[in-house]
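Reader: Please pick a single part of this structure and go through it closely. I would like to see how that part fits with the rest.

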Amino acid sequence: MSPVTVTRRYRFCAAHRLHTDHLTSEENRIVFGKCNNANGHGHNYVVLVTVESDVNGGVVDLEQLDRLVNDTVVRRFDHHDLNGDPEFARCTTTGENLVKLIWELLEPKLPNQRLAKVGVIETRDNYFEYAGSAQPAGGSRG
Ligand SMILES: [Zn+2]
């Protein structure tokens with residue numbers, strides 16, 4: 001039987017610049033295009049957090065989930081420059097890296113629900129999604 005999931009939507013506004021010191025200025029411009037602009041730019045990010053229902057009760061505590069996501073993700077990034085976040089000292093602030101970071105921040109803090117998926121809408125046309133690295137190969141879930 002496939003699990004029932006619940007998805008909640010959260011929002012934050014943040015600035016960033018796509019740039020890596022591993023590339024030359026010219027290479028950065030080619031790889032990241034407009035997003036390499038030295039002045040940076042902002043996005044109204046939408047974060048979609050999907051959790052599986054508790055195996056025991058079958059009900060997700062949405063208030064608890066809201067508190068957790070607001071404390072862990074929204075407050076951390078809202079009206080901040082993502083490039084200044086310590087987690088982005090080692091990697092660029094791409095949607096791919098952001099969605100993985102949000103997963104890594106939330107996953108250990110969800111005691112009763114299993115985090116199933118995190119989605120990040122960056123622009124009208126860009127959506128990033130991550131469901132963790134250790135997907136069980138069917139059967140029992142840990
Ligand atoms: Zn951008």
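Author: Helices and strands here are DSSP runs numbered from the N terminus, a helix being H or I over at least four residues and a strand E over at least two. Residue numbers start from 1 along each chain as its sequence is written. The model is predicted: local features need pLDDT of at least 70, side-chain atom pairs count only at pLDDT 80 or more, and totals for chains, interfaces and linings use all residues. The pLDDT is the predictor's confidence in each residue, from 0 to 100. Its mean over the protein chain is 89, with 87% of the residues at 70 or more. Residues 137-142 have a pLDDT below 50, and this stretch has 2 contacts in the model beyond near neighbours in sequence; two residues are in contact if their C-beta atoms, placed from the backbone, lie within 7 Å. Where pLDDT is low, the predicted coordinates should not be read in detail.

The part to look at is helix 3, residues 95-106. The protein chain has 3 helices and 5 strands, in the pattern β-α-β-α-β-α-β-β along the sequence. With 12 residues at 1.5 Å a residue, helix 3 should span 16 Å, and its end C-alpha atoms are indeed 16 Å apart; the expected span is 1.5 Å times one less than the number of residues.

Which residues of helix 3 are buried? They are G95, L98, V99, L101 and I102. A residue is buried if 20 or more other C-beta atoms lie within 10 Å of its own, exposed if 12 or fewer, and partly exposed in between, with C-beta atoms placed from the backbone. Seen down the axis of helix 3, the buried residues fall within an arc of 160°, so they line one face of the helix; the arc is that of the directions from the helix axis to the C-beta atoms. Over the whole protein chain of 142 residues, 19% are buried.

What covers the buried residues of helix 3 includes strand 2, helix 2, strand 4 and strand 5. Helix 3 lies across strand 2, strand 4 (114-123) and strand 5, at about 150° to strand 4. Such angles run from 0 to 180 degrees between N-to-C directions, and the axes are lines fitted to C-alpha atoms, for helices over the stretch in contact. Helix 2 (residues 62-77) lies across strand 1, strand 2 (41-52) and strand 3, at about 15° to strand 1.

The strands under these helices belong to an open sheet of 5 strands in the order 3-1-2-4-5, with mixed pairing. Two strands pair if DSSP finds at least two bridges between them. Strand 3 (80-81) and strand 5 (126-130) stand at the edges with a single partner strand each, so one side of each has no neighbour in the sheet. Strand 2 runs antiparallel to strand 4, joined by 7 bridges; V49 has V118 as its bridge partner in strand 4. V49 is also the bridge partner of R8, and 12 bridges join strand 1 to strand 2, again antiparallel. Strand 4 and strand 5 are antiparallel as well, over 5 bridges, and form a hairpin with 2 residues between them. There I121 stands opposite Y127 in strand 5. Strand 1 (residues 5-16) pairs with strand 3 in the parallel sense over 2 bridges.
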